[in-house]
Each structure stands twice: as C-alpha cells, then as structure tokens.
Amino acid sequence: MHVGKSTVLEQPVQVVYLTVGDSLFVQPRCLVVADTSSALTLVEEFHSAGTNFTNSVTELWIHDNAEVTHFRLQQESAETAHIGKSADTQGRDSRYRTTAINLGASISRHNLEVYQTGPQTETTLNGLTAIRDKQLADTHSLIALGYPHGMADQLQKNIMDERAHGVFNGKVYVPQKAQLTNASQLNRNLLLSAKSRVDTKPELDIVADDVKCAHGATISQLAPDELFYLQSRGINRDQAQRLLIYAFAMEIIEPISVASLRERMTQYIQQWTV
C-alpha cells in the first residue's frame, strides 16, 4: 500500500488475514509506505479456524511529517500458533500510534520494532493481552530513538486468567545523539488466578545525558477492598469482578478511534468471567 504525498485517507483501511483449514503454514506480509505529509489509519485482523501456524510481517515506512495510526488484533483459534512482527521506520516530524491486542492462539508472540530516523518524531505504543486457559502470549518491543527531541510512550497491559502465561520484554534505546528526548515505558499486569503467571522485563538503555526517561512494571490481583466497596453498593461479586477487569482494560480500548473495533473489544472484555 502506497499513500501518496500529502494524501489523507479519511476512512480506515482494513486488512483481514483469515486462515481456514488444518496443518497450514501461512506467511503473510504487508508493506505500507506513507509518503511525506500523508495520513492513514490501518486495521489488521488475524482470524483462523483449525490447527495452523501463522508467521506474519508488517512493515511501515513513515516519511517526514506523515501520520499513521495502526491497530492490530490477533484473535486466532485456540489450536493456532502465531508469530507476528511489526517493523516501523519513521522520518522527521512523523507520528506513529499503534494499539496491539492479543486475545487468541495457543502460543503467540508479537515482535514490535520502531526506529526513529529523524528529529521531533513521536511514537505511541499501546497494547493489551487478555488470555486464559493454558495460553502463552509474548510481547517483545524495541524503540530506537536516534535523533534529538524524540518522544516515545509505551503502555502494555496484560490480563492473565486460569493457567495463562504472559511475557513482556520491552527495550528503549537512547544513543548519545538522541538528546532532549522524552521516553516512558510501563507494563501493568492483572493476574486473575493463583496459577496464572507473567514475566516482565522493561529496559532502558540510555547513553545520552540530557533526556527524560522512565520505565516500570506492576503485577497485581483484583483488590479485595475494591471488590468489597462495589459489593457494599449492591453489586454482586461476579459483576464487581467484571467491572474491575473492564476498568483495567479500558485505558487501552477506549482511545481506539475506529468505533466498530472499539465496540467489539468492549463487548469482549465485558463478557469476561473469572
């Protein structure tokens, strides 16, 4: 997909990868070039039926002063293994915003790489993983800020239920010439079962000496005092649990600008039962 210079696409572009059958190995590749001062919204969805292996790559080349909003939904069948990579290269004054949602597949992994190749570049990465049963979901990210006055903001939230296992490994790299940059990275995890598990490793690699950078990770369960407060207001325990899970996930889902996708994800989280 090539979006020409100064072209603004008013409607989102949706790409659906649908795999139906058994013992299939599929390797889709999507290339998006956003020319100077262009703008677009891209929605990618991965769905499947049967026992398959998906190995996908999405490349985005965002030229100077271009803006790309990218939504990625992985909701493949419970018998599928999914490995995906999103690679983004940004020119000066460009803006890239992405929201990656991982719900399906027995084993999944998303590798997200962002390279800022010009000054005053903005990158916003949001992610939500919600899994249960014995699902395993990995998120690995790299943000390389290569020039002054760059901005990067990453928030990854994970919901783990039953025997699910989540992994987050994010790295922000700030070399010497990337002075006056502002970068933050936060991973928040909600464990709904005593047997669920998460491994989290946020990283900052900073060589520049005039920057504002922060990173952190939290792991928690549903707070008993919050459940008690809701129950004291006449809400039963099941509804109170769903309400707290909904509030946790909405920080990622609510900003989704594509209304149909936002409504589907809202309904999905609202139906979550512990």
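## Parallel strands in a row

Strands E7 and E9 run parallel to each other, paired over eight bridges. Keep in mind that this is a predicted model. Within that pairing, look for Thr69, which sits opposite Arg97 of E9.

E9 in turn pairs with E11, again in the parallel sense and over eight bridges. Here Asn102 has Thr129 of E11 as its bridge partner. Carry on to E11 and E13 and you get a parallel pairing with 10 bridges, where Leu125 is matched with Gln154 in E13. Then comes E13 with E15, parallel and joined by 10 bridges, and there Lys157 has Arg188 of E15 as its bridge partner.

## How enclosed are these strands?

Take E9 to begin with: seven of its eight residues are buried, so the strand is largely enclosed by the rest of the structure. E13 gets similar treatment, with eight of its 10 residues buried, so the rest of the structure largely encloses that strand too.

## The one cavity

How many cavities of 30 Å³ or more turn up? The count is one, and its volume comes to about 80 Å³. The lining is made of 13 residues, and those closest to the centre are Ala100, Leu112, Asn126, Thr139 and Gln156.

Five strands each put at least two residues into that lining: E9 (95–102), E10 (107–116), E11 (122–131), E12 (136–145) and E13 (151–160). If you're thinking about what the walls are made of, the class split is four nonpolar and nine polar residues, with no charged ones.

## Two nonpolar cores

The largest nonpolar core holds 28 residues, and the ones touching the most other members are Ile159, Ile245, Ile253 and Leu261. Strands and helices both feed into this core: two or more residues come from each of E7 (67–74), E11, E13, H1 (224–232), H2 (237–253) and H3 (259–270). Helix H2 is the top contributor, giving eight residues.

Ile253 is worth clicking on. Leaving out residues up to four places away in sequence, Ile253 touches Leu128, Arg262, Met265, Thr266 and Ile269. Apart from this core there is another one, made of 24 residues, with Val32, Ala34, Ile62 and Val114 among them.

## The largest pocket

Now for the open side of things. The largest pocket has a volume of about 220 Å³. Its lining consists of Lys157, Arg188, Leu190, Thr218, Ser220, Gln221, Leu222, Ala223, Glu226, Leu244, Ala247 and Phe248. You'll recognise two of those names: Lys157 and Arg188 are the bridge partners from the E13 and E15 pairing.

Which elements give two or more residues to this lining? They are E15 (182–191), E17 (212–220) and H2. H2 has the largest share, at three residues. Sorted by class, the pocket lining has six nonpolar, three polar and three charged residues, whereas the lining of the cavity has no charged residues.

## A buried glycine

Gly166 belongs to strand E14, which covers residues 165–174. Is Gly166 buried or exposed? Its relative accessibility is 0%, so Gly166 counts as buried.

Its contacts, not counting residues up to four places away in sequence, are Ala137, Met160, Arg197, Val198 and Asp199. There's also a distance to note: Gly166 and Met151 are 15 residues apart in sequence, and their C-alpha atoms lie 27 Å apart in space.

## Two loop residues with positive phi

If you screen backbone torsions, two spots should catch your eye. Ser37 is not a glycine, yet has a positive phi of about 65°. This serine sits in the loop between E4 (29–34) and E5 (39–49). With a relative accessible area of 30%, Ser37 is partly exposed.

Asp93 is the other one: a positive phi of about 60°, and again not a glycine. Where is Asp93 found? The answer is the loop between E8 (81–90) and E9. Its relative accessible area is 26%, so Asp93 falls in the partly exposed class. The strand at the end of that loop, E9, is the one with seven of its eight residues buried.

How values were computed. Residues are numbered from 1 along each chain as its sequence is written. This is a predicted model: local features need pLDDT of at least 70, side-chain atom pairs count only at pLDDT 80 or more; totals for chains, interfaces and linings use all residues. Side-chain values use heavy atoms; hydrogens and water are left out. On a 1 Å grid over the protein atoms alone, a cavity is a set of points where a 1.4 Å probe fits but cannot get out, and a pocket is an open set with protein on both sides within 12 Å along at least five of seven lines; lining residues have an atom within 4 Å of a point. Grid points are joined across faces, edges and corners, and a volume is the space filled by probe spheres set on the points. Helices (H or I, at least four residues) and strands (E, at least two) are DSSP runs, numbered from the N terminus. Ala, Val, Leu, Ile, Met, Phe, Trp, Tyr, Cys and Pro count as nonpolar, Asp, Glu, Lys and Arg as charged, and the others, Gly among them, as polar. A nonpolar core is a set of buried Ala, Val, Leu, Ile, Met, Phe, Trp, Tyr and Cys residues joined through side-chain atoms within 4.5 Å. Buried means under 20% relative accessible area, exposed over 50%, partly exposed in between (1.4 Å probe, protein chains only). Contact means heavy atoms within 4.5 Å. Two strands pair if DSSP finds at least two bridges between them.
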